[in-house]
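Reader: Could you zoom in on the charged side chains for me? I'd like one connected walk-through, cut-offs included.

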Amino acid sequence: MDDVTPFVAIVTLFIGLPWLVFHYITKWKTSATLTSGDEKLLDELHEAARKLDDRLCSIERIMTAENPNWRQQCMPGREERQRLLADGE
């Protein structure tokens, strides 16, 4: 029994422990990637964001054509804040 203990300790230290570490490193690397479902969802969200941005630009063009000063009416005091930022205050 005394002859087996050092052998088991050496095998565990030099074979078992590195195998365990590399096993979980591999598991961590494979789970850190995006799945195909995640990629599809990101593509859909990107497309929706692009469409919303296009709609917002269209609305801003229409509003500017009807009333060039609509931004100042929506955000009173905007010029004052921009002036303060430009002056560095």
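Author: Let's start with the term we'll lean on: a salt bridge here is a side-chain nitrogen of Lys or Arg within 4 Å of a carboxyl oxygen of Asp or Glu. The idea behind it is that side chains of opposite charge can pair when their charged atoms come close. One caveat up front: this is a predicted model, where local features need pLDDT of at least 70 and side-chain atom pairs count only at pLDDT 80 or more, while totals for chains, interfaces and linings use all residues. Also, residues are numbered from 1 along each chain as its sequence is written, and side-chain values use heavy atoms, with hydrogens and water left out.

Now the setting. The protein has 4 helices and 0 strands, with helices (H or I, at least four residues) and strands (E, at least two) being DSSP runs numbered from the N terminus. As for pLDDT, the predictor's confidence in each residue from 0 to 100, the protein averages 84, and 82% of the residues score at least 70. Helix 2 has the highest confidence, at 94, while helix 4 (residues 78-87) has the lowest, at a mean of 56.

The structure holds 3 salt bridges. Arginine 50 meets glutamate 47 at 2.5 Å, N to O, and arginine 50 also meets aspartate 54, at 2.8 Å, N to O. That links Glu47, Arg50 and Asp54 in a network of salt bridges. The spacing helps to explain it: arginine 50 and glutamate 47 are 3 residues apart in helix 2, so about one helical turn separates them. Aspartate 54 and arginine 50 are 4 residues apart in helix 2, so again the separation is about one helical turn.

How covered are these side chains? Buried means under 20% relative accessible area, exposed over 50%, and partly exposed in between (1.4 Å probe, protein chains only). Arginine 50, at 37%, is partly exposed, as are glutamate 47 at 31% and aspartate 54 at 38%.

The remaining bridge joins glutamate 60 and arginine 71 at 3.5 Å, N to O. This pair links distant parts of the chain, with glutamate 60 in helix 2, arginine 71 in helix 3 (residues 70-74), and their positions 11 residues apart. Glutamate 60 is partly exposed at 22% relative accessibility, and arginine 71 is partly exposed at 33%.

Then there are charges outside those bridges. Asp38, Glu39, Asp43 and Glu44 gather in a surface patch of negative charge. For patches, residues need over 30% relative accessible area and no salt bridge; like charges are joined within 9 Å, and nonpolar side chains (Val, Leu, Ile, Met, Phe, Trp, Tyr) within 5 Å. Lys and Arg count as positive and Asp and Glu as negative, with His and the chain ends not counted. Each charge is placed at NZ of Lys, CZ of Arg, CG of Asp or CD of Glu. Glutamate 44 sits in helix 2 (residues 36-66) and is partly exposed at 46%.

Key. Accessible areas come from the Shrake-Rupley method with a 1.4 Å probe; for residues, only the protein chains shown count as cover.
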